[in-house]
Amino acid sequence: MMKKAIAILLAALLALGMFAACGSKNSKSEKDPEELILGSWKSVSAEGDSDDLDYIKMFAESGGITLTFRDDGTFAAVISYSGYVQNQSGEYRIKGSKLLMDGSDPATFKVSSKKLTLTADGVTVKFERTAKAEAAVLVPDAPAEQPIGYTETTPVPSSPTMTSE
């Protein structure tokens, strides 16, 4: 009788383990920021409190900031607006809710399958995914071979006209 009870208990535990392993629709990669951030992102808006907010909004709201994060721990960035273009690449790391990118201040970030939010120095920039990791390639307008820490900037045209509402 004892052997039968142990066999039933083991069978029940095994069945419970199978349900627990298969019961979630979300895979680990959908919850893991290190996986979710991979791919290309285009800016859609900026908000916050900074002396440079108008300038940042001008870039962000025109879709002028593009980021690509790769699974080898490198990123490429293109910042562009009205003839101004800056290409940058480097390495990135994620520590908890912080995103550390070469050449930038640490940013607090939130990421989902379709949206990325970066906040640093009182400014929040929101991005939408343009390509998943499998489809992500070097950021457009960036040279094909970028060494780590690469930065290229075109001359800034005369100050863009900013209007206040």
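This passage walks through the overall fold, the core, the main pocket and two threonines of the structure above.

The model is a predicted one. The protein comes with 4 helices and 9 strands. Reading from the N terminus, the elements go α-α-α-β-α-β-β-β-β-β-β-β-β, so three helices come ahead of the opening strand, one more helix follows that strand, and the rest of the run is β. Of the 165 residues, 32% count as buried. As for how the chain meets itself, 54% of the contacts between residues at least 6 apart in sequence join residues at least 24 apart.

On to the interior. The largest nonpolar core takes in 27 residues, and I37, F69, Y92, L99 and L116 have the most contacts inside it. Helix α4 gives this core its largest share, at 4 residues. I37 makes a handy entry point: leaving aside residues up to four places away in sequence, I37 touches F69, Y92, I94, L99, F109, V111 and L116. That list includes F69, Y92, L99 and L116, the other residues named for having the most contacts within the core.

Then there is the pocket. The largest one has a volume of about 790 Å³ and a lining of 24 residues, with I56, I65, I79, S104 and V125 lying nearest its centre. The lining is put together from many parts of the chain: α4 (53-61), β2 (65-69), β3 (74-81), β4 (84-95), β5 (98-101), β7 (115-120) and β8 (123-132) each bring at least two residues to it. By residue type, the lining splits into 17 nonpolar, 4 polar and 3 charged.

Two threonines round things off. T68 sits in strand β2, a strand that also helps line the largest pocket. With a relative accessibility of 1%, T68 falls under the 20% cut-off and therefore counts as buried. Its side chain still has a polar partner, since the side chain of T68 makes a polar contact of 2.9 Å with the side chain of S40.

T108, for its part, belongs to strand β6 (residues 107-111). Its relative accessible area is 31%, which lies between the 20% and 50% cut-offs, so T108 is partly exposed. Residues up to four places away in sequence aside, T108 touches S97, K98, T117, L118 and T119. With one of these, K98, the link is also polar: a contact of 3.1 Å joins the two side chains. As for K95, 13 residues away from T108 in sequence, the C-alpha to C-alpha distance between the pair is 9.6 Å.

Methods. Residues are numbered from 1 along each chain as its sequence is written. This is a predicted model: local features need pLDDT of at least 70, side-chain atom pairs count only at pLDDT 80 or more; totals for chains, interfaces and linings use all residues. Side-chain values use heavy atoms; hydrogens and water are left out. On a 1 Å grid over the protein atoms alone, a cavity is a set of points where a 1.4 Å probe fits but cannot get out, and a pocket is an open set with protein on both sides within 12 Å along at least five of seven lines; lining residues have an atom within 4 Å of a point. Grid points are joined across faces, edges and corners, and a volume is the space filled by probe spheres set on the points. Ala, Val, Leu, Ile, Met, Phe, Trp, Tyr, Cys and Pro count as nonpolar, Asp, Glu, Lys and Arg as charged, and the others, Gly among them, as polar. A nonpolar core is a set of buried Ala, Val, Leu, Ile, Met, Phe, Trp, Tyr and Cys residues joined through side-chain atoms within 4.5 Å. Buried means under 20% relative accessible area, exposed over 50%, partly exposed in between (1.4 Å probe, protein chains only). Contact means heavy atoms within 4.5 Å. A polar contact is a pair of N or O atoms within 3.5 Å; within protein, one must be able to donate a hydrogen and the other to accept it, and residues adjacent in sequence count only if both atoms are side-chain atoms.
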